[in-house]
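Student: Could you help me see how the words in a structure description are earned? I'd like to check each one against its definition.

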Amino acid sequence: MSGGGEGAGVAGAVGAGGAGRTAGVVGVAAAGGAVGVAAAAEVVGAVGAVPQASGGRPSGRVVPRHLGIVPDGNRRWARQHGVPAREGYRRGAERTVEVLRWCEEAGVETVTVWALSQDNAAKRQELPVMLDGITALMDSVTAAGAWDVNVLGSPGQLSTLGLADLSGRCRGSAGTGGGGRLRVNLAVAYDGREEIVAAARAVLAESGAEGLDSAAVGRRLERWGQPDCDLILRTSGEQRLSGFLLWQSLTAELHFSPEQWPDFDRAAFDAMLASFADRERRFGA
């Protein structure tokens with residue numbers, strides 16, 4: 001999952017308008033690699049529960065159209081509960097499907113979940129366990145609802161990891177999120193810098209050097225199901241982006257939640273939406 005989180009692995013991943021807001025500010029932070037990439041994003045911690053409408057769903061609030069999730073803490077959760085890492089990844093995968101359902105109910109249009117970073121794919125000793133979990137997660141997400149499911153990652157890298165079956169869903173080949181369906185992007189062996197390079201190369205191949213500019217790269221990423229991100233969630237208390245959605249996070253809001261990913265429950269989800277809805281977004285200003 002994340003490039004630097006100790007609990008990273010299978011996903012199964014504010015600016016207050018002024019100083020007077022009472023949202024429980026964690027503090028404006030560099031968020032590790034976020035400086036210069038998402039410098040405009042303002043950082044606030046978890047807040048109280050969202051006012052509920054009948055049926056338990058958030059009522060009348062603005063929601064992010066594109067939510068990015070760095071679901072940290074699966075291994076840490078397993079250690080805390082004295083169970084094997086495989087169980088932590090399994091519980092994390094179950095939580096991912098639950099969160100996607102909540103996103104669909106809330107009206108989120110696109111969710112990008114960081115299932116595995118290139119860095120972790122290269123160095124994690126428990127990689128076989130993680131890869132098994134990713135395959136199970138993909139099956140669960142595909143079976144869970146009428147969602148458009150897309151994989152973000154290099155087909156070559158996926159094949160190297162033994163995940164060639166996922167390559168058919170890479171870069172927009174799994175649908176466009178039309179018809180009001182939730183678009184789910186699973187970032188597997190993902191690196192935000194490599195994604196930008198791939199998009200630039202695609203623009204060059206299609207339009208030549210004269211067609212390469214920031215707008216063209218942005219359009220290419222949108223065609224791959226990766227529009228600009230409105231909100232990025234990271235769990236387990238880590239406060240950095242680690243290269244996640246480098247291009248799309250320019251004006252994103254950031255929400256860092258203390259729970260390990262398997263413990264990120266509906267109350268924490270609703271608190272995240274409440275925090276986002278209460279912010280005065282400045283879009284980089």
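Below, we take a few terms in turn and test them on this structure.

Tutor: A note before we start: this is a predicted model, in which local features need pLDDT of at least 70 and side-chain atom pairs count only at pLDDT 80 or more, while totals for chains, interfaces and linings use all residues. Residues are numbered from 1 along each chain as its sequence is written, and side-chain values use heavy atoms, with hydrogens and water left out.

Student: Thanks! Why is the contact between Asp132 and Arg86 called a salt bridge?

Tutor: The term asks for a side-chain nitrogen of Lys or Arg within 4 Å of a carboxyl oxygen of Asp or Glu. The closest N and O atoms of Asp132 and Arg86 are 3.5 Å apart, so the pair fits the definition. The pair links distant parts of the chain, with Asp132 in helix H4 (residues 127-144) and Arg86 in helix H2 (residues 85-106), 46 residues apart. Helices here are DSSP runs of H or I with at least four residues, strands are runs of E with at least two, and both are numbered from the N terminus.

Student: What makes Asp132 "partly exposed"?

Tutor: Buried means under 20% relative accessible area, exposed means over 50%, and partly exposed is in between (1.4 Å probe, protein chains only). Asp132 has 46% relative accessibility, so it counts as partly exposed. Arg86 is also at 46%, and therefore counts as partly exposed.

Student: How do you know that Arg95 and Glu98 form a salt bridge, and where do they sit in the helix?

Tutor: Their closest N and O atoms are 2.8 Å apart, which makes the salt bridge. Arg95 and Glu98 are separated by about one helical turn because they are three residues apart in helix H2. Arg95, at 14% relative accessibility, counts as buried, whereas Glu98, at 32%, counts as partly exposed.

Student: What does the salt bridge between Arg279 and Glu253 tie together?

Tutor: The N to O distance of this salt bridge is 3.6 Å. Arg279 lies in the segment after helix H8 (266-277) and Glu253 in strand E7 (residues 253-256), so the pair ties together parts 26 residues apart in sequence. Both Arg279 and Glu253 are buried. Elsewhere, salt bridges that share partners join Glu87, Arg90, Arg91 and Glu94 into one network, and a search of the whole structure finds 19 salt bridges.

Student: Why do we say that strand E6 pairs with E2 and with E7?

Tutor: Two strands pair if DSSP finds at least two bridges between them. Four bridges join strand E2 (residues 66-70) to E6, running parallel, and Leu67 has Leu231 as its bridge partner in E6. Four bridges also join E6 to E7, again parallel, with Ile232 partnered by Leu254 in E7.

Student: What makes both faces of E6 "covered"?

Tutor: In a regular strand the side chains alternate between the two faces of the sheet. In E6 (residues 231-234), Leu231 and Leu233 on one side and Ile232 and Arg234 on the other are all buried.

Student: How do you know that the length of H4 agrees with what is expected?

Tutor: The expected span of a helix is 1.5 Å times one less than its number of residues. The 18 residues of H4 should therefore span 26 Å, and its end C-alpha atoms are 25 Å apart, which agrees. Among the buried residues of H4 are Leu127, Ile134 and Val141.
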